[in-house]
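Visitor: I should like to understand how the terms used for this structure are justified. May we look at it together?

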Amino acid sequence: MLFCSEVYLYFFLVVFTAYWAIAWHRGRVWLLLVASFYFYACWNQWLALLIGVSTMIDYTLARGMDAPGWHRWRKGLLLVSIVGNLGLLCYFKYMNFFLESLNQSLHALGASTSLPLLQVILPVGISFYTFEAINYTVDVYRRKVPAERNLANFMLFITFFPHLVAGPIVRARDFLPQTHRPKKWNWARLNLGVQFFLMGLFKKLAIADRMACFVDPVFENPALYPSHALWMAMFAYALQVYGDFSGYTDMAIGSAHLLGYKLAQNFNMPYIARDIAEFWRRWHISLSLWLRDYLFIPLGGSRGTNWQTNRNLLITMTLGGLWHGASWVFVIWGIIQGLLLVIHRTFSAWAQTRPLLSRFLHSPLGTVWCVMVTFFIFCLTLMLFRSQSLSQAGLIFHNLFVFVPGTESSPVHVSGLLYTYLVVAVCHAVALLGYRRWLAFKMPAPLAGIAYAVVLCLTLLLTPASGKAFIYFQF
Amino acid sequence: MPISSTSRLVLLQARSLRTLCWALGTLVLLQFGLRLAIDHLWPELRDPTFEVKARRLRQFLDRAGGQPLTVLAVGSSVTGNAFHARLLEEWLARQTGRKVVAVNMSTQGAGPLTQLIWTNRLIQRRTPVDLLCIEANPLTYCHPGYPEDANRFPAWLLLEEDLDIVQRYSPDTDLRHNWRHHRWVPFYQHRLAMLNYLSPNLVPTRDRMATQGGAVDDRFWAILPPRSPEHLQRSLAQARGWYEKPLQHFTPNQRCLQAFEELLALVQKQRLSAVVVFTPQGPMMRGLFHPPALRAFKQRLAELCHRHGVDFVDAHDWLDEDHFTDSIHPNTIGAERYARRLAEEVLRPWLHQRPGLLQRASLR
């Protein structure tokens with residue numbers, strides 16, 4: 001059930017109406033819980049059961065950890081929880097990848113037999129909800145949050161349908177207190193939810209899905225296309241992946257607001273980041289923060305020597321890459337992101353000793369230059385992210401930098417791409433110049449209402465013939 | 001006096017409620033307005049391929065005034081390239097001394113189903129038609145299963161009067177329901193047609209609607225300049241690759257024949273003067289057919305025409321290879337030659353069968 005589908009609209013209308021019709025707070029929590037399981041069961045009933053069971057186990061373990069007691073007992077429970085969640089993730093998501101890699105290595109060594117692959121389907125959103133469960137048990141262990149006593153509240157934290165399948169990765173300390181607070185009907189909040197949902201719908205349907213129509217044919221068979229088509233597909237894909245994921249997040253945040261819940265911000269105009277470190281503070285913020293708090297800092301963070309910090313960065317980003325998907329393409333993509341962070345750190349330290357360079361980099365012109373370079377480098381790394389295999393990535397990079405005439409004409413229309421970039425740039429400029437708050441809260445009501453309707457009509461108009469699933473569902 | 005936080009909250013609530021009401025109201029108004037516009041003022045936003053031509057035809061008829069002699073051709077891109085409407089219009093005007101309007105109402109990939117739907121639309125709008133040239137192109141009959149052009153008529157492209165016709169030939173079993181489904185959300189239902197009409201550059205290649213490729217004149221004759229010998233050879237090889245197998249085992253699609261017969265019956269019922277022209281092809285394409293199968297097909301078409309009182313003209317071998325760009329689509333030289341032969345072998349006898357037209361001409 002995609003947020004941008006008609007089915008979701010009907011589903012949400014029913015949930016929304018029933019939710020606000022029930023005056024009893026506990027009843028509302030149970031309603032959301034049932035709705036969330038139904039939402040997930042639309043993909044697969046058995047996997048919905050799997051989430052249910054794993055959530056109950058985490059609930060029990062956290063309750064055990066919360067009880068005053070022996071430190072090693074608590075540590076043991078934490079270990080069980082982490083191993084259980086990561087085990088689930090590894091079994092469903094990475095086992096076949098490991099087996100395939102092992103088979104390839106064995107074949108390279110001359111072995112003739114292969115280990116059989118598992119016949120499993122990947123549960124949608126498994127990477128998101130296992131990370132949420134881990135952050136909860138770790139925080140309970142660290143005594144940063146108390147273990148939730150109410151099972152329904154805890155299950156809602158993990159399975160709340162707006163964030164269930166593609167984030168944002170919700171923190172227990174942000175979400176659980178909200179499940180205790182009775183909700184009151186609030187027109188302002190409703191308005192905010194509609195705003196977020198419309199913005200997300202526009203990003204997904206009018207930008208991401210539209211760009212996908214241009215990008216997909218090129219990546220299906222990059223050898224057929226000339227170099228300039230690949231360059232255009234690269235820039236189109238940058239818009240697609242941003243529109244797709246941030247659009248999903250906006251719709252999730254909007255849906256949650258409509259039900260009286262607040263989810264964390266996940267994107268903050270990442271394409272205007274001045275450097276790659278800032279980029280990761282603006283892109284998929286909830287994952288970046290998770291990796292920082294539960295991986296980078298436990299590894300030692302930036303407290304040690306330069307070499308240790310760089311090592312920690314590399315490990316964190318490599319695992320972050322692997323989180324995106326079970327393939328070597330994502331591992332290498334993660335390593336490259338780690339290397340870029342290391343290079344940026346080293347360069348920043350070096351540039352600080354050069355006053356002239358430092359002044360230029362902080363001037364308006366230097367800022368524009370930095371933003372463009374960061375964006376361009378990220379676009380290049382996206383080619384790897386989008387490739388189906390390393391050999392395809394190699395071919396794409398070769399054809400990007402060595403001119404090839406190709407046999408097919410480019411499916412990307414320059415004007416279509418430019419218009420879309422223009423729209424995105426104008427939206428960013430509006431936000432940067434500080435008009436967003438005015439647009440959201442102070443614009444005259446008739447004007448704002450008309451703007452909503454026009455944006456929705458434009459979104460409907462620009463929706464391509466066939467929709468596409470969200471890219472991040474596969475992760 | 002400073003506003004207290006409670007008052008501010010009340011103001012914010014009131015503003016939000018008003019915003020949402022305005023949004024809902026505007027949305028309903030926009031959707032409703034567009035629905036009315038598409039249905040009554042701007043039908044190009046529903047089906048630009050047909051409606052652009054229909055509007056131009058109306059403009060020509062209005063400009064001509066009185067009762068001009070109207071000759072239309074329906075068919076595929078072959079007719080699009082072959083039917084040089086302006087030449088025929090000039091020839092007819094010279095012969096009859098009357099004002100003549102000739103328009104090429106063809107579209108890419110149009111088989112008998114498209115011709116049936118378009119002819120029915122013209123009839124429903126009471127378009128005066130003195131002669132309708134119907135294309136019989138064997139390439140539009142060789143697709144197995146449903147007529148190939150049935151896929152070109154999704155529900156949103158159709159008028160209500162088209163539904164019954166399309167339902168008989170379309171694989172979409174729920175066409176009427178689909179037609180009604182998003183009817184009151186026209187921004188969504190007609191989005192592809194609107195974008196194709198208003199800003200084709202924003203339309204991804206796979207969502208492009210069939211339009212006449214290349215340059216067209218004001219009567220929608222699609223102009224294809226002659227190709228160099230090397231280019232022609234390449235095009236011939238490509239056409240051979242595509243059609244060699246299907247044509248060797250050519251069996252006309254029965255549903256297409258059914259649509260063709262329905263078209264003839266419609267023409268007969270409306271007492272329209274019509275002629276079916278078996279499209280010209282180059283020697284290469286003609287050579288790909290199994291001769292008895294081709295003969296049988298032509299005979300079947302001729303029988304159907306005879307049964308419904310419509311003339312049948314076999315123009316299959318009217319043109320040579322160098323009159324085509326690929327042995328299928330006539331180039332400009334082929335189109336001129338085709339127009340001349342059509343005038344002499346179809347229009348002249350047709351005029352002689354209707355002495356009234358010539359008499360009126362001589363009176364002027």
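Guide: A salt bridge requires a side-chain nitrogen of Lys or Arg within 4 Å of a carboxyl oxygen of Asp or Glu. Please note that this is a predicted model.

Visitor: How many salt bridges are there between chain B and chain A?

Guide: The count between chain B and chain A is 0 salt bridges, so no pair across this interface meets the 4 Å rule. Polar contact is counted by another rule, and 8 residue pairs across the interface satisfy it, with both residues at pLDDT 80 or more.

Visitor: What makes this a contact of chain B and chain A, and how many residues does each give?

Guide: Contact means heavy atoms within 4.5 Å. By that rule, chain B contributes 31 residues and chain A contributes 37 residues. The two chains bury about 3000 Å² between them, 66% of it on carbon and sulfur atoms.

Visitor: Which element gives the most to the side of chain B that touches chain A?

Guide: That element is α1(B), with 14 residues. By class, this side of chain B has 16 nonpolar, 9 polar and 6 charged residues.

Visitor: Why is the largest space called a cavity, and what is its volume?

Guide: A cavity is a space where a 1.4 Å probe fits but cannot get out. The largest cavity has a volume of about 60 Å³. Its lining includes Phe83(B), Glu135(B) and Tyr338(B), and β3(B) supplies the largest share, 3 residues.

Visitor: What makes Glu135(B) a lining residue of the largest cavity?

Guide: A lining residue has an atom within 4 Å of a cavity point. Glu135(B) is listed in the lining, therefore Glu135(B) meets that cut-off.

Notes: Residues are numbered from 1 along each chain as its sequence is written. Chains are lettered from A and ligands numbered from 1 in the order in which they are written. This is a predicted model: local features need pLDDT of at least 70, side-chain atom pairs count only at pLDDT 80 or more; totals for chains, interfaces and linings use all residues. Side-chain values use heavy atoms; hydrogens and water are left out. Buried area is the accessible area (1.4 Å probe) that two parts lose on being put together, summed over both. A polar contact is a pair of N or O atoms within 3.5 Å; within protein, one must be able to donate a hydrogen and the other to accept it, and residues adjacent in sequence count only if both atoms are side-chain atoms. Helices (H or I, at least four residues) and strands (E, at least two) are DSSP runs, numbered from the N terminus. Ala, Val, Leu, Ile, Met, Phe, Trp, Tyr, Cys and Pro count as nonpolar, Asp, Glu, Lys and Arg as charged, and the others, Gly among them, as polar. On a 1 Å grid over the protein atoms alone, a cavity is a set of points where a 1.4 Å probe fits but cannot get out, and a pocket is an open set with protein on both sides within 12 Å along at least five of seven lines; lining residues have an atom within 4 Å of a point. Grid points are joined across faces, edges and corners, and a volume is the space filled by probe spheres set on the points.
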